[in-house]
Amino acid sequence: MNNRLRVLRAERGWSQAELGAQLSVSRQAVNAIETGKYDPSLPLAFRIGRLFGLAIEDIFDDGHTGTDNG
Amino acid sequence: MAYDPLAPTEQGQANAFRGAWIGLVTTLVLILAYFLPVWPWVETICLAATALLAMFMLTGRHDDYFNVLREIGMRWAMATIGLWLFAHAFFAVGEIAYKVGSFAAGARPDIIAPKQAAPFNFLRDAYLLAIVSSLGFFAGFAFARVRRAA
């Protein structure tokens, strides 16, 4: 899953450790999300969205267009 | 997010990942020490470190990513134990088949010698199984850390 976390973090001038501290996760977790090694849990995705003031889908992109039921 | 006075710090959580790498190294040393003579104090220190790290990794409060890696490590450890038991069962079946075959060929049951019990006795060694399954855990954790975890 692609995401804009690195860009959003860079815009604010935060290090991975600083972002991790604000999200209550480790620097390694932030790095793993940024590099696409790990997709965050739903609670963590919500925390990320709230921190940046964005919706989850504005940060994470699963590459799927349209709706599943349409 | 509600304030949690006991929540681990970012530094503490980052240290937990380093602990996993240390655990991998100490487990490798233990396996080396099992087969090769090393200084006893090195083995003792590594044994204590591995035990403490294993307990810490299973009981400490960690972030989601760490928990995912830990789960993968535990799957590897269980797979290691499963393979170990399968190997044990395989050789046990071989031993039984040998005795049955010898009996069917006309040998007296009381003079059928064990086929090859000694070379596989290590499979009954609980300490070796413990350190090998520990290696499975830390290796699985490290593998998932390097590769894509979830």
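**Helix α4 of chain A, the shared core and the contact between the chains**

Let me begin with one residue: if we leave aside its neighbours within four places in sequence, A:Ile48 is in contact with A:Leu5, A:Leu23, A:Ile33, A:Ile59 and A:Phe60. I should say at once that this is a predicted model, and everything that follows should be heard with that in mind.

A:Ile48 belongs to helix α4 of chain A, residues 42–52, where the buried residues are A:Leu44, A:Ala45, A:Arg47, A:Ile48, A:Gly49 and A:Phe52. As for what these buried residues pack against, within chain A the partners are α1 (5–12), α2 (16–23), α3 (27–34), α5 (56–59) and β2 (60–61), and from chain B there is α3 (64–104). Just after α4(A) comes A:Gly53, which has a positive phi, near 70°.

Moving outward from the helix, the largest nonpolar core holds 32 residues, and those with the most contacts inside it are A:Ile33, A:Ile48, A:Phe52, B:Met57, B:Tyr65 and B:Phe141. At least two residues of this core come from each of α1, α2, α3 and α4 of chain A, and likewise from each of α1 (10–35), α2 (40–59), α3 and α4 (126–146) of chain B. There is also a second, separate core of seven residues, which includes B:Leu30, B:Ile31, B:Leu123 and B:Leu128.

A few words on chain B as a whole, where the count is four helices and zero strands. Of the 150 residues in chain B, 31% are buried, and if we take the contacts in this chain with a separation of 6 or more, residues 24 or more positions apart account for 75% of them.

Now to the contact between the two chains, to which chain B brings 16 residues and chain A brings 18 residues. About 1,400 Å² of area is buried between chain B and chain A, and carbon and sulfur atoms give 50% of that. How many salt bridges are there between chain B and chain A? The count is zero, whereas six residue pairs are in polar contact, with both residues at pLDDT 80 or more. On the side of chain B that touches chain A, the elements giving two or more residues are α1, α3 and α4 of chain B, and α1(B) gives the most, with five residues. Sorted by class, that side of chain B has eight nonpolar, one polar and seven charged residues.

One residue to look at here is A:Gln28, which sits in helix α3 of chain A. Is A:Gln28 buried or exposed? A:Gln28 has a relative accessible area of 3%, and because the cut-off for buried is under 20%, this residue counts as buried. Apart from its neighbours within four places in sequence, A:Gln28 is in contact with B:Ala14, B:Phe17, B:Tyr65 and B:Arg145. A polar atom of the A:Gln28 side chain lies 3.3 Å from the backbone oxygen of B:Ala14. One of these partners, B:Tyr65, is also among the residues with the most contacts inside the largest nonpolar core.

Let me set beside this A:Glu18, in helix α2 of chain A. With a relative accessible area of 41%, A:Glu18 is partly exposed, because that value falls between the cut-offs of 20% and 50%. From A:Glu18 to A:Leu8 the distance is 13 Å, C-alpha to C-alpha, and the two are 10 residues apart in sequence.

Notes: Residues numbered from 1 in each chain as written. Chains lettered and ligands numbered in written order. Heavy atoms only, no water. Buried < 20%, exposed > 50% of the residue type's maximum accessible area, 1.4 Å probe, protein only. Contact = heavy atoms within 4.5 Å. Core = buried A, V, L, I, M, F, W, Y, C linked by side-chain atoms within 4.5 Å. Buried area = accessible area lost by both parts, 1.4 Å probe. Salt bridge = Lys/Arg side-chain N within 4 Å of Asp/Glu carboxyl O. Polar contact = N/O pair within 3.5 Å; in protein donor to acceptor, adjacent residues only side chain to side chain. Nonpolar A, V, L, I, M, F, W, Y, C, P; charged D, E, K, R; others polar.
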